[in-house]
Amino acid sequence: MSWGTELWDQFDNLDKHTQWGIDFLERYAKFVKERLDIEQNYAKLLRNLVKKYCPKRSKDEEPRFTSCLSFYSILNELNDFAGQREVVAEEMSQKVYGELMRYSQDLKSERKHHLQEGRKAQQYLDHCWKQMDNSKRKFERECKEAEKSQINYDRLDNDINATKSEVEKAKSQFYLRTHMADESKNEYAAQLQNFNAEQWKHFNNAIPHIFKNLQDMDERRTVKLGETYRSFAEAERRVIPIVSKCLEGMVSAAKAVDERRDSAIVVESFKSGFEPPGDFPFEDFSQNLSRTGSDGTISNTPKGERDSAPGPRSDPKHPMSRTKNKLWLFGKKPKAPSLEDFSHLPPEQRRKRLQQRIDELSKELQKEMDQRDALNKMKDVYEKNPQMGDPISLQPKISETICNMEKLRSEIHKNETWLSEVEGKQSSRGDRRHSADNHHHTPQGRESPEGSYTDDTSQEHHTPHRRAGPPQPGKPTPDPHEFDDEFDDDDPLPVIGHCKALYSFDGQNEGTLVMAEDEVLYIIEEDKGDGWTRARKQSGEEGYVPTSYVEITLEKNSKGAVTYI
């Protein structure tokens, strides 16, 4: 349906309609702009969220739990998802918003041109109409004047009193007006014919052509809106496959969570390698009591031995100190400084760290060996083809690589020595624990403070001066040369506290220290978790004593001071 034929008289309304069309297009462009701003802000917020919750630790400190790794995978997928939102915003900015704004400017220019042509045509038609109207009015005036002159001539011609000159004058005036009326009639007829022709051209050629251009412009605007609607949707649809992959990655990460694996990692991460403490024996404090006369029995224990028999001791200042400090296993141990050989760590953790370092050094050594081989091959090529390069120039780099290899081999050997030491101690501890298990079911009352068992009941009665104390830990010297190495240091260890013997200890094992009940000793090394504390007598003699046999007080300025009883 053509605007030119149906809307030939609606120029003003078409003017308003085309302006509304451009305004609507710009309104939609504004909508797209706000939408892409939302997408950009959404992507920015997502990226900031991912950055906020991404780990900022080194790779060695990264947790290995499947739940953590899955969460980090979800963060990576979410970061990719944010990237797709940025792609959507970019597509909308270039293919929708930018295109609409450029097209809007073109429409404004085209509409202005067509409306100017329509106004010019209308102005020319108005001009023709004015000329025709003026000639019409002139013809009307001339006809009225001619009628007046004719009436005047007829009146004078019939008046007997009028002179001949007056009659002749009126006659000539009548002829003149009649002639002028005829000329005005001819001019009016010509102007009317011209106006009718121009009006026909105006409404059958000019206006239909202009209105057709406006109609084409408006239809193109409508088509462009449809195309941008489609582009708007396509921008979303293009990223759906990648967004789906991101969501599938999140689901896969959720499925990868393995509670059993996480539990195994906890064990692997925190396993110390120490043996759990053994059972505490029954302490019979009634064996030194005298029977009353009514029992008809008299104690065979000599008075001197009864007086010297140890009884339950307690520190009045610290009544709960022994009980609390035995639970160090469940609290926080003093944090030791990090050492190169990881000797500050428990055995199992130390073994893992040393093995990890050996693996890393081995990888570096392999890289250096590969680089050396590559340099040697290049040197051979240069020697065979001197024009390709100077083989002597590679010698400094080869020497540097060999030097690095020697350093790495030395480091590996040093760490392997430490690792062998740890593994040897762990196997020795396992042997001691197995030996202790074999004696676990020995009858009560046959355990001496040193932890040895005997079937000779008379041996118990020959040592009445010893009170029943806590079980003695396993032997502190699985390696017969271990204490030799430790006590051969040139510089004596500094004193970090003192202790008071709660029980006497004969120190029969190598590396142990004999002590009497109530004897005060200096502490030079804390219990490492194996139940032994290194002490020094006032005479300078050093050795290990059972931690459970002494009441320890560490100096306040000693790092990690903890009291063990």
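**Nonpolar cores and a surface patch**

In the predicted model, the largest nonpolar core holds 37 residues, of which Y28, V32, M92, L100, F211 and L214 touch the most other members. Two or more residues of this core come from each of the helices α2 (11-53), α3 (66-158), α4 (164-238) and α5 (240-255). The most is given by α3, with 13 residues. Another core lies apart from this one and is made of 18 residues, including V545, Y549, V550 and I552.

Helix α3 also contains L75. The relative accessible area of L75 is 5%, and this residue is therefore classed as buried, the cut-off being under 20%. When neighbours within four places in sequence are left aside, the residues in contact with L75 are V50, Y53 and C54. Between L75 and R47 the C-alpha to C-alpha distance is 9.3 Å, with a separation of 28 residues in sequence.

A nonpolar patch on the surface is formed by W20, F24 and Y229, and its area is about 310 Å². Of these residues, W20 was examined further. W20 is located in helix α2, one of the elements that give two or more residues to the largest core. The relative accessibility of W20 is 47%; because this value falls between the 20% and 50% limits, W20 counts as partly exposed. L75 in α3, by contrast, is buried.

How values were computed
Residues are numbered from 1 along each chain as its sequence is written. This is a predicted model: local features need pLDDT of at least 70, side-chain atom pairs count only at pLDDT 80 or more; totals for chains, interfaces and linings use all residues. Side-chain values use heavy atoms; hydrogens and water are left out. A nonpolar core is a set of buried Ala, Val, Leu, Ile, Met, Phe, Trp, Tyr and Cys residues joined through side-chain atoms within 4.5 Å. Buried means under 20% relative accessible area, exposed over 50%, partly exposed in between (1.4 Å probe, protein chains only). Helices (H or I, at least four residues) and strands (E, at least two) are DSSP runs, numbered from the N terminus. Contact means heavy atoms within 4.5 Å. Patches are made of residues with over 30% relative accessible area and no salt bridge: like charges are joined within 9 Å, nonpolar side chains (Val, Leu, Ile, Met, Phe, Trp, Tyr) within 5 Å. Accessible areas come from the Shrake-Rupley method with a 1.4 Å probe; for residues, only the protein chains shown count as cover. A salt bridge is a side-chain nitrogen of Lys or Arg within 4 Å of a carboxyl oxygen of Asp or Glu.
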